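User: I would like a close look at the aromatic residues of this model and at the elements around them. Please give the cut-offs for each term as it comes up.

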Amino acid sequence: MSGYATQKEHLSSVVTRQRELLMNLLYEPLRQVSMRCGQELTESIKPRDTRTALDTFLTEAFPSVPYCKYLYAMDRDGMQISSSMSREGLITKHFGRDRSDRPYMREALSVPCFLDKQRETHYQQWPYTEEGVLAADFLLCGAYISEHALRPSMTVVYFVRDAQGKHIGFMGADFALRDLPQSHQIYEEPRRTRHFVGDSSDTIALAGNARRNSKLDENIDVVSSVIDELMLFHGVHHVKLHFSSGQTILWQIDDPYRYRLMTVENLVDPDSCLAYPKRSYPENALIAPDDIRRILNRMKRLRNSNDLLYLLTGSVNIYNGMVGVGFSSGSSHYVPHEDFLKTDLSLWTANSPHQSP
């Protein structure tokens with residue numbers, strides 16, 4: 001069994017350390033690719049020639065960026081000016097895509113003084129590599145949920161410049177968090193009192209008070225994506241969600257006797273996945289990998305199906321294959337996940353408070 005992170009590191013410090021490891025892994029390959037991209041943009045005269053040259057260049061450069069899922073070039077406004085190079089080849093339909101509103105480009109476009117060729121003296125947030133090199137022009141952006149796959153992802157944005165240091169575009173490199181190397185140790189949960197306040201109407205819902213959305217409700221799709229990732233690729237085998245307070249409890253296979261508490265703020269930040277070691281999905285789990293997201297989606301629907309009789313808590317354990325649900329009526333049920341997935345949702349709220357569906 002793997003040990004704890006060194007010096008009793010907690011979640012935030014482990015995430016920071018993991019991001020530093022990734023920066024040191026990716027900085028030099030992206031620097032080299034971006035320098036060559038700058039040459040291509042400078043030497044191309046016609047826009048049509050630019051796209052052809054960039055696509056050819058990206059095809060050649062892609063293998064040099066480890067773990068990369070997509071590699072592409074953008075202009076200064078975040079508009080894609082090349083196809084996207086992937087492991088399957090060029091994706092031409094991405095040409096002309098406006099990425100300016102994506103989380104990584106909002107971060108990149110907000111960097112102050114990025115047009116100044118002396119940027120390393122004006123922007124103090126550039127990190128240093130292990131060799132003491134200032135990683136100017138390199139942004140390892142915060143993790144986010146991808147638009148199409150709905151998975152935790154990460155993008156490196158590198159500022160592309162010409163030979164005189166003028167900013168002329170961006171190089172983007174997308175990564176799936178599940179593909180990136182991560183620590184083999186799990187962080188230690190701090191022992192301290194933690195208070196979670198929920199919606200008081202939950203306790204008296206049947207008296208006529210309608211449910212009000214909690215922070216977890218407002219971010220349930222992102223939370224579901226992060227939990228799905230943690231269970232599939234990071235050894236989390238049991239999860240319990242408290243929808244009103246947002247408190248979520250996780251059990252992980254490296255330390256199965258101790259649970260960890262995750263706030264909504266933790267779960268809406270996909271970077272939190274970096275604090276959990278990568279683990280293969282266990283062969284003896286009774287729940288198929290594809291069913292985890294289906295279970296979480298049905299919990300969401302139960303939470304929203306009835307304003308007076310609704311889901312308060314939900315749990316899932318992949319080893320025993322059971323799903324637990326607790327309702328505002330005071331009733332709770334533990335059922336095989338197969339039954340949970342196939343039972344008509346209306347039957348859960350139609351039954352009396354103490355009658356199982």
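Which residues form one aromatic cluster?

Analyst: Tyr 27, Phe 138 and Tyr 158 form one aromatic cluster. The model is predicted, so local features need pLDDT of at least 70 and side-chain atom pairs pLDDT 80 or more, while totals for chains, interfaces and linings use all residues. Residues are numbered from 1 along each chain as its sequence is written, and side-chain values use heavy atoms, without hydrogens and water.

Across the whole structure there are six aromatic pairs; rings of Phe, Tyr and Trp (its six-membered ring) pair if their centres lie within 6.5 Å, and planes under 30 degrees apart count as stacked, over 60 as edge-to-face and the rest as tilted. One of them joins Trp 251 and Tyr 259 edge-to-face, with 5.8 Å between the centres and 70° between the planes. Tyr 259 counts as partly exposed because its relative accessibility is 45%; buried means under 20% relative accessible area, exposed over 50%, and partly exposed in between (1.4 Å probe, protein chains only).

Two arginines also sit over rings, which requires CZ of Arg (or NZ of Lys) within 6 Å of the ring centre and within 35 degrees of the ring normal. Arg 99 lies over the face of Tyr 72 at 3.7 Å from the ring centre. Arg 298 does so over Phe 340, at 5.8 Å.

Next come the elements around the cluster. The protein has nine helices and 13 strands, taken as DSSP runs (helices H or I of at least four residues, strands E of at least two) and numbered from the N terminus. Asp 137 is in the loop between α3 (103–109) and β4 (138–140). Asp 137 has a positive phi of about 75° although it is not a glycine. Most residues other than glycine have a negative phi. With a relative accessibility of 2%, Asp 137 is buried.

Strand β6 (152–161) follows a loop that starts after β5 (144–145) and holds Leu 150. Leu 150 is another non-glycine residue with a positive phi, about 55°, and is partly exposed at 39% relative accessible area. Leu 150 is also in contact with Ser 225, as are Ile 145, Pro 152 and Arg 293, neighbours of Ser 225 within four places in sequence being left aside; contact means heavy atoms within 4.5 Å. Ser 225 belongs to helix α5 (residues 220–233) and is buried, at 3% relative accessibility.

On its other side, β6 leads into a hairpin with β7. The two strands run antiparallel over nine bridges, and two strands count as paired if DSSP finds at least two bridges between them. Val 156 stands opposite Ala 173 in β7. Five residues separate the strands of this hairpin, where Gly 165 takes a positive phi near 90°. Strand β7 (residues 167–176) is mostly covered, with nine of its 10 residues buried. Strand β1 (residues 70–74) is joined to β7 by five antiparallel bridges, and Ala 73 has Met 171 as its bridge partner there.

The Trp 251–Tyr 259 pair leads to another sheet. Six strands form this open antiparallel sheet in the order β10-β9-β8-β11-β12-β13. Strands β10 (255–262) and β13 (332–336) stand at its edges with a single partner each, so one side of each has no neighbour in the sheet. Neighbouring strands are turned by 15° against each other on average, direction ignored. Within the sheet, β11 (residues 311–317) and β12 (residues 322–327) are linked by six antiparallel bridges, with Asn 317 opposite Met 322. Helix α7 (residues 289–304) lies across β8 (236–242), β11 and β12, at about 170° to β11; axes are lines fitted to C-alpha atoms, for helices over the stretch in contact, and angles run from 0 to 180 degrees between N-to-C directions.

One record entry concerns this region. An unreviewed UniProt entry lists residues 308–327 as "transmembrane region"; such annotations may be inferred rather than shown by experiment, and positions are given in the numbering used here, with feature names shortened. In the model, residues 308–327 are 0% helix and 65% strand, with the end C-alpha atoms 10 Å apart.

For the protein of 357 residues, 53% count as buried. Of the contacts with a separation of 6 or more, 60% join residues 24 or more positions apart.
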